[in-house]
Amino acid sequence: MSRRTCWLCKMCGDASENPPSNLTLEELLQWAQSFEKLMATKNGPVVYAAYLKTEHSDENIQFWMACETYKKIASRWSRMYRAKKLYKIYIQPQSPREINIDSSTREAIIRNIQEATRACFEEAQKIVYMHMERDSYPRFLKSEMYQKLLKTSQSNNS
């Protein structure tokens, strides 16, 4: 992610910088159709994460991505290890990147973490997704970052 973040940081600071050639106007326009479409594209989550970092709220997208990776872990032992790590980073009260979830969801995770099933963090992931979709996604579409990407891509297509 750091390589892509760098061009985004440069882009926001200097409108003359060009985004990578694989970021198309079509993809950028898809992002405005729905949050789901933004998250389904190759570059969408990366650009959105860079935006959230500027808002100091990138723990949401980082947790969501970590959950997507967690669900793919086949080994029960590896899942248990990763579940404890996710808990310490994102769920535990006063943790370094604590996400905003209700106490009943937090308590359910504490109970479920012993089994470390693939669905252990599912409810928290849904809550975080909803927060991003309702709160920061509309701001992202209005942001200087997204608008500059659109403008640059449109002028490159001209």
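This is a walk through a predicted model, selection by selection.

**Whole chain**

Start with everything displayed as a cartoon. The chain has 9 helices and 0 strands, so from the N terminus on its elements read α-α-α-α-α-α-α-α-α. Of its 158 residues, 43% count as buried. Switch on the surface: the accessible area of the chain is about 9,000 Å², and carbon and sulfur atoms account for 50% of this area. Among contacts between residues at least 6 apart in sequence, 62% join residues at least 24 apart.

**Colour by pLDDT**

The average pLDDT of the chain is 88, and 86% of the residues score at least 70. Select helix α1 (residues 2-13) and then α8: among the elements of the chain, α1 has the lowest mean pLDDT, 48, and α8 the highest, 97. Two stretches should be picked out here. Over residues 1-7 the pLDDT is below 50, and in the model this stretch has 12 contacts beyond near neighbours in sequence. Residues 11-18 also have a pLDDT below 50, with 14 contacts beyond near neighbours in sequence.

**Helix α2**

Next select residues 25-33, which form helix α2. Which residues of this helix are buried? They are L25, E27, L28 and W31. Look down the axis of α2: the buried residues fall within an arc of 170°, so they line one face of the helix. On the face turned away from the buried side, show E26 and Q33, which are exposed. To see what the buried residues of α2 pack against, add α3, α4, α8 and α9 (144-157).

**Aromatic residues**

Keep W31 and add the rings around it. W31, F35, Y48, Y51, W64, Y129, Y137, F140 and Y146 form one aromatic cluster. A pair of aromatic rings is described by the distance of the centres and the angle of the planes. In this model the count comes to 13 aromatic pairs.

Zoom in on F35 and Y48, an edge-to-face pair with 5.3 Å centre to centre and 70° between the planes. F35 sits in helix α3 (residues 35-40) and Y48 in helix α4 (residues 44-54); the pair links distant parts of the chain, 13 residues apart. Both F35 and Y48 are buried.

Then move to W64 and Y129. Their ring centres are 6.1 Å apart and their planes are at 40°, so this pair is tilted. W64 belongs to helix α5 (residues 59-71) and Y129 to helix α8 (residues 122-142), so the pair ties together parts that are 65 residues apart in sequence. W64 has a relative accessibility of 14% and counts as buried.

**Cysteines**

Select C67 and C120. How many disulfides does the structure hold? The number is 0. The closest cysteine sulfur to that of C67 is in C120, at 8.9 Å, which is too far for a bond. C67 counts as buried, at 1% relative accessibility, and C120 counts as buried at 3%.

**Two loop residues**

Go to the loop between α4 and α5 and select D58. Is D58 buried or exposed? Its relative accessibility is 12%, so D58 counts as buried, the cut-off being under 20%. Leaving aside neighbours within four places in sequence, D58 is in contact with A49, L52, K53 and R97.

The last stop is I99, in the loop between α6 (76-91) and α7 (103-112). At 2% relative accessibility, I99 counts as buried. Show the residues in contact with I99, again leaving aside neighbours within four places in sequence: E59, N60, F63, Y90, I91, R106, A124 and V128. To finish, draw a distance from the C-alpha atom of I99 to that of Q125: the two are separated by 9.8 Å and lie 26 residues apart along the chain.

Conventions: Residues numbered from 1 in each chain as written. Predicted model: local features only at pLDDT ≥ 70, side-chain atom pairs only at ≥ 80, totals over all residues. Heavy atoms only, no water. Helix = DSSP H or I, 4+ residues; strand = E, 2+ residues; numbered from the N terminus. Buried < 20%, exposed > 50% of the residue type's maximum accessible area, 1.4 Å probe, protein only. Contact = heavy atoms within 4.5 Å. Phe/Tyr/Trp six-rings, centres within 6.5 Å; stacked < 30°, edge-to-face > 60°. Areas by Shrake-Rupley, 256 points an atom, 1.4 Å probe, with all protein chains shown as cover. pLDDT = per-residue confidence, 0-100. Disulfide = S-S within 2.5 Å. Arc of directions from axis to C-beta.
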